[in-house]
Amino acid sequence: MPAPGENLRINPDRLWDSLMEMARIGPGVAGGNNRQTLTDADAEGRALFQKWCEEAGMTMGVDSMGNMFATRPGEDPEALPVYMGSHLDTQPTGGKYDGVLGVLGGLEAVRTMNDLGIRTKHPIVVANWTNEEGTRFAPAMLASGVFAGVHTQDWAYDRVDAEGKSFGDELKRIGWVGDEEVGARKMHAMFELHIEQGPILEAEGKDIGVVTHGQGLSWTQVTITGKDSHTGSTPMPMRRNAGLGMARVLELVDELAWSHKPHAVGAAGHIDVYPNSRNVIPGKVVFTVDFRSPDLAVIQDMEARLREGAKKICDEMGLGVEFEKVGGFDPVEFDADCVSAVRAAAERLGYSHMNIISGAGHDACWINKVAPTAMIMCPCVDGLSHNEAEEISKDWAAAGTDVLFHAALETAQIVS
């Protein structure tokens, strides 16, 4: 089938206006957004998205996890749809683009197809996946995980927020429990446009990131036990300082990540120190080591060397240590044909591009289990995300959406 012509472009002003209008729903306190999943603001954002989709001639379907699917018919009723999409929910102090660009970029692609009278063999679907962020109801990518069979719906419905409210009850409260069975839909392919959430594309001066892989993740909770004692009156040789043990283990974590440069990373983001008093040597620390890499063997190596090295450190210091694997998922390799469609689109449109590995989890990582999937990334200023100061340019948004538009059209096959 012929590729879309390089002159086909989306309307950047209309895309930007849509992003800004959605950002008025669930405003944050510092210029960003607080539109957490299954809140009243989420319901309002969903309603606006549905209104826009229906105005573009699409029909809306909703499944029992609240996932939204707006369909533009294709010419072949037997052909499976090509999906575009991401999420509309945000962090409590989130930006205006994380997730939202992928949903509204898909909508803009359909609007442009309508403007140009483009027909496709395959239907086009724009998706809004529920609770990608996982900030109110853990884990992240919850509804796409149920869609892909990673979680059961009953388990997802039972997730509770900090106030003890359940996902299932809140989904019902805001009126977005659909009648479709989760995961019953079949896909020809899915493309997700997203801001990078990292500094690489901007630093390299590239317009487009062609996402080839998603990093795998491993969370190991480490508990080190020593002995609480007075910081002033306990002689140095008689101390069993769990805090010092943790410091040495965290140096090991850093060394392990560096040993697999450039794509492996590691750190501890969650740390509890007991009793956490100014004049008491810590008798216990609990922290979670987060290792990530696009190579499963690298993750497994870092896990094993962490356990071996931390035990050696603690044994030498007279400390106890325990390990518990508390989370993780394997690396993702996106579909070669979909990735090629993204790369070809960037080249055809004249956008500078590079291969990139996603350092964060996305709905596409789960959907990749059940359908051919790829991601497109655009730069964000200073790599800042999950922050109200998150920023992108109109040109970056347009370039990413142009590539999304072309990759989806090529995959859906233009009917002349």
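Modeller: Let's start with residue classes: Ala, Val, Leu, Ile, Met, Phe, Trp, Tyr, Cys and Pro count as nonpolar, Asp, Glu, Lys and Arg as charged, and the others, Gly among them, as polar. This is a predicted model, where local features need pLDDT of at least 70 and side-chain atom pairs count only at pLDDT 80 or more, while totals for chains, interfaces and linings use all residues. Residues are numbered from 1 along each chain as its sequence is written, and side-chain values use heavy atoms, leaving out hydrogens and water.

Colleague: How many residues of the lining of the largest pocket fall into each class, nonpolar, polar and charged?

Modeller: A pocket is an open set of points on a 1 Å grid over the protein atoms alone, where a 1.4 Å probe fits, with protein on both sides within 12 Å along at least five of seven lines; lining residues have an atom within 4 Å of a point. Here the lining has 19 nonpolar, 19 polar and seven charged residues. Of its 45 residues, Leu217, Arg292, Gly359, Ala360 and Gly361 lie nearest the pocket's centre.

Colleague: Which strand gives the largest share of that lining?

Modeller: Strands are DSSP runs (E, at least two residues), numbered from the N terminus. Strand S15 gives the largest share, five residues. S8 (216-225), S12 (284-293), S13 (320-329) and S15 (353-358) each supply at least two.

Colleague: Which domains does the lining draw on?

Modeller: Domain bounds come from an automatic or database domain assignment. At least three lining residues come from each of domain 1 (12-214 + 331-412) and domain 2 (216-329).

Technical notes: Helix = DSSP H or I, 4+ residues; strand = E, 2+ residues; numbered from the N terminus.
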